[in-house]
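Trainee: I should like to learn how a protein model is read, one feature at a time. May we begin?

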Amino acid sequence: WRLKVNYNFYKWRVWSILAISFVMSLFHRGAIGVISGDLSRDLGLTATELGNVASITFYTYACMQIPAGLLLDYLGYKRISYYGALVTGIGSILLGIATNVTIAYGGRLLVGLGTSVIFISVLKAQTIWFKKDDFTKASGKLSFIGNLGGVIATFPLAILVSFMGWRLAVILMGSICVLIAIIIKFYIKNSPREYGFEPQGIELKSIKINVFKSIREVLKLKATWRNFFVLFTLVGCTTTITGLWGINYLTAVYGVSTTKASFYVAFIVYGLVCGSLFVDKATMIFKKNIIIYPRIAAILNSVFWIYILFIRKGMPTLFELSIIFFFIGFFAMAHIVAFTDINNYCNIENSGLASSIVNSGEFIGSSIISLIIGFILDLGWNGNIIDGIRVYSKSQYIGSFYIFIIISLIGVAVTFIGKEK
């Protein structure tokens, strides 16, 4: 009994510290939305440049997924998560002191570099510390806790910015990441064996990796592409809204303040939090074919966007919008089963790499969607500038958001990509 308690103590200590780093990871990925107006004014950014400041984090995140997965399989989750939290903090601090768009790009690039390894580090730790049957439950808990970072990046961040300004707020949150990195360095070990226990999950010894063979094996799996595009479509859309364009849409179309806009955008994150609690139940319901859950989610999200943009002409009441945003976030959490699905088909020695490639779908998706929206807005800009910020019309924002219907319908189609025999 005592050994079991001790194992559980260390298991949850490792998991909790890494989960907190994931909270901060989601915060920093989504923080640009609230500070976008101040950032645009202080640095004189166009919509395309603003989109790039947000997207460069996602580009870097996506590009890092293959090397991050390989390094994770080779070096272990402790060292990778330590450097991830540290680099994220440094990048945020750099953004806070940026005097031009180049420095802002550099800061957000470092944020992308750092956050790119944190989520998959937690997944790797779960694979080792948790029994296979508990993996999805732990992933649901991780999403629930992690999405609190997304909540902090909306209304709470807007209040913090109103008190101390965007620069000090960003520097403060970056400093917290540096502190978390120090905690990881001194309070986490790389294996249950270092605490004197046998792992309840699966742990492979570090081995020399045939990089090209591993990549080729993972990319040949239909499950890789099915789950990659599940994240591309489901999470790519929600990240685009919460990370940048949702707040700008609401301030332009509804004429509300940034603080009030962040309040309504936060309903997507509340949906993500609540949706994470349903993931385990959904896995039980659809256990014979778990990809059905993301399919249903993509269908419903398509319906939500058709209602917003076609039926309500891009301007449902704010009450309606908050309810719809909540359910868009709720069903977007269906993407969590993608990690269970890919683990069912890949070799265990490639699990980190496979999860990384699938995980990159979210960030490639949100990068492309953000850029398309920024490009459409700049294409129709009439030269109007207020308080040093480019101003775009209601019709431009509504027109640019039609991309969400297209992406959501693609999300339905990709769930029909076949399974391995």
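The questions below concern the core, a pocket, a helix and a buried residue.

Mentor: This is a predicted model, in which local features need pLDDT of at least 70 and side-chain atom pairs count only at pLDDT 80 or more, while totals for chains, interfaces and linings use all residues. Residues are numbered from 1 along each chain as its sequence is written, and side-chain values use heavy atoms, with hydrogens and water left out.

Trainee: Which helix gives the largest share of the largest nonpolar core?

Mentor: A nonpolar core is a set of buried Ala, Val, Leu, Ile, Met, Phe, Trp, Tyr and Cys residues joined through side-chain atoms within 4.5 Å. Buried means under 20% relative accessible area, exposed over 50%, and partly exposed in between, with a 1.4 Å probe and protein chains only. The largest core holds 132 residues, and I32, L39, Y77, W129, L250, W305 and F404 touch the most other members. Its largest share, 15 residues, comes from residues 222-253, helix α10.

Trainee: How are helices assigned, and is T340 in helix α14 buried or exposed?

Mentor: Helices are DSSP runs (H or I, at least four residues), numbered from the N terminus. T340 lies in α14, residues 337-343. Leaving aside neighbours within four places in sequence, T340 is in contact (heavy atoms within 4.5 Å) with T136 and I290. Because its relative accessible area is 17%, T340 is buried.

Trainee: Which residues of the lining are closest to the centre of the largest pocket?

Mentor: A pocket is an open set of points on a 1 Å grid over the protein atoms alone, with protein on both sides within 12 Å along at least five of seven lines; a 1.4 Å probe fits at each point, and lining residues have an atom within 4 Å of a point. The largest pocket has a volume of about 640 Å³. Of its 28 lining residues, the closest to the centre are K132, F135, T136, T340 and N344.

Trainee: How many of the 29 residues of α15 are buried?

Mentor: Helix α15 covers residues 351-379 and reaches 42 Å from its first C-alpha to its last, close to the 42 Å expected at 1.5 Å a residue. This helix is largely enclosed by the rest of the structure, because the number of its residues that are buried is 22.

Trainee: What is the relative accessibility of R108?

Mentor: R108 is found in helix α5, residues 101-115. Beyond four places in sequence, R108 touches H28, R29, I32, V53, A54, I56, T57 and L95. R108 counts as buried because its relative accessibility is 2%.

Notes:
Helix = DSSP H or I, 4+ residues; strand = E, 2+ residues; numbered from the N terminus. Points joined across faces, edges and corners; volume = space filled by probe spheres on them. Expected span 1.5 Å × (residues − 1).
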